[in-house]
Amino acid sequence: MALDLTSGARTGSTGRPAPGAHTLRHRRRRERLRTIGFLSPWLVGFTVFFGYPLVATVYFSFMHYNQIKQPEFVGLRNWSYVFTQMPLFGPALWNTVWLVVVMVALRVVFGIGVGLLVTKLKSGVGFFRTAFYVPYLAPPVAATVAFVFLLNPATGPVNEVLGAIGLDGPNWFNDPDWSKPSLVMLSLWGIGDLMVIFMAALLDVPKEQYEAAELDGAGPLARFRYVTWPNITPIVMFAVVTGVVQTMQYYTQALVAGKLASGVTIGPGTVIQPGYPDHSTITVPQLVYQLGFQNFNTGAACVLSLVLFAIAMAVTMLLMRRRSGLLSAED
Amino acid sequence: MSPPRPRAWPAVLLAVGLLLSGCANPSVGSADDDPKAPVTLKFWHGWSEPGEVKAIDASIRRFEKLHPNIQVKTTGNVSDATVNQALRAGGDKAPDVVSSFTTNNVGQYCDSGMWADLDPFLRKSGIDKRKVFPRTLLEYTQYEGTQCALPLLADAFGLYYNKDAFAEAGITRPPRTMSEFREDAKKLTRRDGGQVERAGFMPNFRLYQNSPDRMFAQWGPRYFDKDGKARLAKEPRTRQFFREMSRLADAQGGYRALERLRQSFGDEMSRQSGFMTGKLAMHLDGEWRGLMLKEAKPDFDWGVAPLPVPDDQADTYGRGYLTGTVAGIAHSSRHQNAAWELLRFLTTDTDQVVAFANAIHNVPSTKAALDSPRLDADPSFRTFLRIAKNPHSQALPPSTTGGQYVTAFQDFSYSVESGREKDLDKGLRELDRQIDADTLQAEN
């Protein structure tokens, strides 16, 4: 009796399946079912919450569908509408990219800075760690409302203080040039999440490496460049990747800040129009919601979702590749 | 696990297709029910203030007394977005009778079939809608011949003014034309250096109820041509409107100075609002504000008048922007005949319309109710009744895109007032192109 490695079945000298072949097949099928069984929670979750929505999004991007009548195939019309006839697509994409680049970069730099500060402090460590972490616990809407109040150009205390020292404060959330930087300030205020992970990463750097560097005559900058940075690089990349994905979904703070700063009354029956001032705070996720659930232009909303998905995938893949490159080079 | 074999792909695709189209198939209602049979209807509305909720609940109780077989379960404070999403989702929890505080979405409701066509019900009940409802109100409750909504009280917009500030500035009566308006606004404006402390009238489009479409109604524009194409670039009144708004702002210190003042105002409904704090001498608002002002008792005397009209249309003085609450029957309702009984009572019963209008200080929406001697005799309220009856008063035309064209017009207006739009003609052409593209996209 020999084992046929290609078919996986036992064969007798006559070439017919040996009596044990059936048992082996049965065992393999059982193993396969067991594997599927163990995987099934993930498979179900993946299919229901990712696979099906993704297939449905692609399907509806080629359909005219107002969520009442049956979908009708319209070819590339939704795609052409989004790319050539929707004036808010450009500003929304630009704002989203701007926030991804500026907000993520500044949050990471600021997070490392605050992490370094709270790990180097000799006294008052508990106070500063708490002071930097607590804002992160504030609900996003409440924090945004507070910032809009503080930065009100006419009555806000920030401009009052600036005025008292002879500076003409900007219009913050009411100025298209300042609205996105104001949102960045809001996100930097809530840096607690990044502070915690950078603090943990910084405390994890082996002390001996610093001692060795000092013996070699390395100053603070050189120690950061050749000891700290290589050690915390994986955490930096983690912060960047998650930051990019989160910022691509940026919605609430921009919507609340724009709505409050505009002062426009949202009466019953009316809807919040995002983007104030001058479309400077409109983001792609806001546009997806507006198209899909206010205008019921499902096809165009699906196109935008796919664009966002493609960009998020591309950026993440790029960063992941960069991350593995960095890790292999440094480790 | 190996992927499905090639011959299995058609079956997989068919399954996915069936799943997708199945999920995309909303529930459909019917009008086969017996309106005399016992039934519980679900009525969703947007009223949330205690006085308003009390008034609508009292209306429902009157209806239930007349129709003992029909019970009505009301849900208040419901926004259009919620109604839209609930009716699209369908199911037995969806409402039978629905209402909306804005006329903006009527075109979308009628064109999509989300609200049932009411003409068969009107015919069945022998109601001649043209005899019952004023023309403007009928126009904003239908789209391309489909009457999917009926007016359930209306709103008219006029000018509230501070009589004390008028007396102090030596102004004897409210302005009637735009040139008078500009002059009075200038006289009433108080400045401290570069800062405006009180504006005569703030034309900034983001102020409270000041949306540009409401102001633009004083010019009597036509938004669409007979083929449904946007014609704002062709409409000469559009340029006149933007020019006049800009001159009005400049006469009081300019857009930026007024914006700075606007940012110091409190919430519209609070005692810190611009008009209540005396930072605005004149103010555009709806008829409901009168009731609120009476309750709030500001420390100045106030009056109401129609908003001024362009100098070359002085004979139209008395006109104003009209809108209102609309009500209809959900397409998914399985009790449409019973739902019609409720809708008919709320929208066409003269006693009910008058009682409800008096209770919440809204303009009645039927001809008989508008002429009723039982209407509130308050002079400020009567001013709005006259605005509502004025043949030149205007409502926004319904569109299949809902309020999307209004939003586009508002966005454009914000750009114009802030000076970001440098070429008005080119911008208006682009606006028309965008509105047409949105309409085409909605119709497909």
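**Exercise 1. Transmembrane regions of chain A.** State where UniProt places the feature "transmembrane region" in chain A, and determine how much of residues 130–151 is helix and how much of residues 298–320 is helix.

*Solution.* The unreviewed UniProt entry places this feature at residues 35–62, 96–118, 130–151, 183–205, 226–245 and 298–320 of chain A. The coordinates to compare with that record belong to a predicted model. Over residues 130–151 of chain A, the chain is 86% helix and 0% strand, with the end C-alpha atoms 24 Å apart. Over residues 298–320 of chain A, the chain is 100% helix and 0% strand, and here the end C-alpha atoms are 32 Å apart.

**Exercise 2. Surroundings of Asn159(A).** Decide whether Asn159(A) is buried or exposed, and find which residues Asn159(A) touches beyond its sequence neighbours.

*Solution.* Begin with the location, which is helix α6 of chain A, residues 157–164. Next, count the neighbours: 20 other C-beta atoms lie within 10 Å of Asn159(A), and a residue is buried if that count is 20 or more, so Asn159(A) is buried. When residues up to four places away in sequence are not counted, Asn159(A) touches Pro153(A) and Gly169(A). Finally, Asn171(A) is twelve residues from Asn159(A) in sequence, and the C-alpha to C-alpha separation of the two is 8.8 Å.

**Exercise 3. Overall form of chain B.** Explain why chain B can be called as compact as a globular protein of its length.

*Solution.* Chain B contains 19 helices and nine strands. Its radius of gyration is 24 Å, which is close to the 22 Å given by the globule rule for 444 residues, and therefore chain B is as compact as a globular protein of that length. Along the principal axes, the C-alpha trace of chain B spans about 80 × 60 × 45 Å. Of the 444 residues of chain B, 50% count as buried. Among contacts in chain B with a separation of 6 or more, 75% come from residues 24 or more positions apart.

**Exercise 4. Two domains in chain B.** Identify the domains assigned to chain B, and work out which element gives the largest share of the side of domain 1 that touches domain 2.

*Solution.* The assignment gives domain 1 as 39–155 + 322–389 and domain 2 as 157–320 + 399–443 of chain B. The C-alpha centres of these two domains of chain B lie 28 Å apart, and 18 residues of domain 1 are in contact with 18 residues of domain 2. On the domain 1 side, the elements that give two or more residues are α4 (106–112) and α17 (379–389) of chain B, and the largest share, six residues, comes from α17(B). By class, this side of domain 1 has six nonpolar, nine polar and three charged residues.

**Exercise 5. The contact with chain A.** Describe the side of chain B that touches chain A by its elements and by its residue classes.

*Solution.* The contact takes 42 residues from chain B and 40 residues from chain A. On the chain B side, two or more residues each come from α1 (9–23), α3 (80–89), α12 (255–262), α18 (404–417) and α19 (424–443). Of these, α3(B) gives the most, with five residues. The class count for this side is twelve nonpolar, 23 polar and seven charged residues.

**Exercise 6. Helix α18(B).** Check whether the span of α18(B) agrees or disagrees with its number of residues, and explain why α18(B) is described as largely enclosed.

*Solution.* At 1.5 Å a residue, the 14 residues of α18(B) should span 20 Å, and the end C-alpha atoms are indeed 20 Å apart, so the two values agree. Eleven of the 14 residues are buried, so α18(B) is largely enclosed by the rest of the structure; the buried residues include Phe409(B), Phe412(B) and Glu417(B). Their cover includes α10 (212–216), α11 (236–250), α12 and α19 of chain B. Just after α18(B), Gly419(B) takes a positive phi of about 85 degrees.

**Exercise 7. Helix α15(B) and Thr348(B).** Find what covers the buried residues of α15(B), and decide whether Thr348(B) is buried or exposed.

*Solution.* The buried residues of α15(B), which runs over residues 350–360, include Val353(B), Phe356(B) and Ile360(B). Their cover includes α2 (50–66), β4 (150–162), α14 (336–348) and α16 (367–370) of chain B. After α15(B) comes His361(B), with a positive phi near 55 degrees. Thr348(B) is found in α14 of chain B and is buried, having 21 other C-beta atoms within 10 Å. Leaving aside neighbours within four places in sequence, Thr348(B) is in contact with Ile127(B), Val132(B) and Thr366(B).

Technical notes. Residues are numbered from 1 along each chain as its sequence is written. Chains are lettered from A and ligands numbered from 1 in the order in which they are written. This is a predicted model: local features need pLDDT of at least 70, side-chain atom pairs count only at pLDDT 80 or more; totals for chains, interfaces and linings use all residues. Helices (H or I, at least four residues) and strands (E, at least two) are DSSP runs, numbered from the N terminus. The radius of gyration is taken over C-alpha atoms; the globule rule is 2.2 Å times the number of residues to the power 0.38. A residue is buried if 20 or more other C-beta atoms lie within 10 Å of its own, exposed if 12 or fewer, and partly exposed in between; C-beta atoms are placed from the backbone. Two residues are in contact if their C-beta atoms, placed from the backbone, lie within 7 Å. Ala, Val, Leu, Ile, Met, Phe, Trp, Tyr, Cys and Pro count as nonpolar, Asp, Glu, Lys and Arg as charged, and the others, Gly among them, as polar. Domain bounds come from an automatic or database domain assignment. UniProt positions are given in the numbering used here, feature names are shortened, and annotations may be inferred rather than shown by experiment. The expected span of a helix is 1.5 Å times one less than its number of residues.
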